[in-house]
Amino acid sequence: MDIWHVRGGNRLFGSCRVQGSKNASLPVLAASMVFPARSHIRNVPQLRDVDAAVSILSHLGCRVGREENELYIDSGFITDAEIPRELMAEMRSSVIFMGALLARCGEARLSLPGGCQLGKRPIDLHLSALHAMGAEISEEGRDIFCRAKKLHGAEIDLRFPSVGATENIMLAACAAEGRTTIRGAAREPEIVALQQYLTSLGAHIVGAGSDTVVICGASARESTDFTVPCDRIVASTLACACAAAGGRIILSGVNSDHFLTVLHFLNEAGCDIIHFNDIVEISSDGRLRSPGSIVTAPYPGFPTDAQPILMAALLRAQGTTKFTETIFENRYRQVSELRRLGADIRVRGTEAVLRGVKELHGETLTAPDLRGGAAMVVAGLTARGETRVIDAGHIARGYESFDDRLCALGAEVWIEHKGKGTDEDGNEQEKPAALQ
Ligand code: EPZ
């Protein structure tokens, strides 16, 4: 259990190279077992969710080596098509291994992590698409069994641009006979990264980043060397931290196109933003104004993952800000905790109305999930005194050395009781053997 201590009042100055993307790394790791190949994957963040994905790959028979942010994966021999429940529970998004297992082994046996967290998070879109491609699927409680003698291409229309469903279909379609077309596909940069990785191994995929992705079954190359793109939500988090605390920071290794909507609202709130090449500079006097209404939407709209974090940055902004959360039905779990700092936020259904207050005071808060925990750290930077965030390991799932990065920028942040992490349901986890 980690306890984050955040002392408010320091402005942030300096530069920071932003980590590789968690949400690009995870599908690429699942994809690494679609073909028997050796993959050298660079810029992989050192995170608990990545550890969990590596544990799954090792359990399935892959050989995985790691040197800091580089992974070497040899998926030449897959010895199992079942992911045990304890490995599935460590990471909510383990479901992205379903398509990879079906593609490689013709079967997949896994269970779904329960829990509500951000909402129900069903996988009906994943299952109906895989069924359309010829998979026979049965469910027993939380266990799912998929089998496909031979997957075949299909025309798939997604009623919602689900990121995970788009990824699962892309992975399964690599082994399907014929062409698969996904209409209404998710357009996130992580989908583009997955297409780049798979095509580097010989897959024939076009259209990622648009709402129509076309995949043809592929022959595979024996090896590839791939670099994970920057984490746009971590970049957004650091930008929000500077906006709230004041100061001037330079983020490097980023693609500003990937978080333009976040930068837009920070600029509207009074920050000066300059971006060129892989650099973004944010300056703020710490006295923000409301940027107006913010509605979360699938990419390229405002990202739901940045909603708690921008909310935290605006707690003392002059005026009223209205958030509308359209992606997850339970994504205001940070609100009750932020109100304990003195924030004025009222939630009504999918809307949260935030009225800026003059001052926040430090409190002891409990992180509800990954982005909610990060939001509390951002809020603590601008609260008077010390804010403690009791974190069940959520933040470490998505932020690499986040305390060190904030301290290097001048924040007063430290963590006590760094110990075992826990999964999203609070069960304590040991560091996986694959990476000890
Ligand atoms: C991915 O989750 C990200 N996770 C999430 O980031 C992100 O918030 C989300 O996309 C939306 O951008 C990873 O990439 C590992 P979805 P995913 O399928 O794939 C509904 C973080 O903090 N839905 O696009 O699970 C679902 O209930 C995490 O890094 C169905 O109804 O998201 C939700 O309301 C949190 N049926 C909406 O779609 C389905 O079959 C978006 O889900 C699938 C999804």
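Helices and strands are taken as DSSP runs, numbered from the N terminus. In the predicted model described here, Arg121 is placed in the loop between β6 (107-111) and α5. Although Arg121 is not a glycine, its phi is positive, at about 50 degrees. A further backbone feature concerns a proline: the peptide bond that runs from Tyr299 to Pro300 is cis, and its omega is near 10 degrees. Pro300 belongs to the loop between β17 (293-295) and α10 (307-313).

The remaining results concern the ligand and its surroundings. A total of 22 residues surround the ligand, and those that come nearest are Asp124, Leu125, Ser162, Asp305 and Ile327. By residue class, this shell comprises nine nonpolar, six polar and seven charged residues. Both domains take part in the shell, with at least three residues drawn from each of domain 1 (2-19 + 231-435) and domain 2 (22-227).

Several polar contacts involve oxygen atoms of the ligand. In the case of Asn23, a polar side-chain atom lies 3.0 Å from an oxygen atom of the ligand. For Arg159, an N or O atom in the side chain is 3.4 Å from an oxygen atom of the ligand. Gly164 contributes through its backbone instead, with an N or O atom that lies 2.8 Å from a ligand oxygen atom. The ligand, taken alone, exposes 820 Å², of which the protein buries 88%.

The ligand takes up the space of the largest pocket. Two or more residues of the shell around the ligand come from each of the elements α1 (22-31), α5 (124-132), α6 (163-173) and α12 (370-380). Among these elements, α5 gives the most to the shell, with three residues. Asp124 and Leu125, which are among the residues that come nearest to the ligand, fall within the bounds of α5 (124-132).

Note on methods. Residues numbered from 1 in each chain as written. Predicted model: local features only at pLDDT ≥ 70, side-chain atom pairs only at ≥ 80, totals over all residues. Heavy atoms only, no water. Near = heavy atom within 4 Å. Polar contact = N/O pair within 3.5 Å; in protein donor to acceptor, adjacent residues only side chain to side chain. Areas by Shrake-Rupley, 256 points an atom, 1.4 Å probe, with all protein chains shown as cover. 1 Å grid on protein atoms, 1.4 Å probe; cavity = no way out; pocket = protein on both sides within 12 Å on 5 of 7 lines; lining within 4 Å. Sits in = over half its atoms within 2 Å of the grid points. Helix = DSSP H or I, 4+ residues; strand = E, 2+ residues; numbered from the N terminus. Nonpolar A, V, L, I, M, F, W, Y, C, P; charged D, E, K, R; others polar. Domains from an automatic or database assignment.
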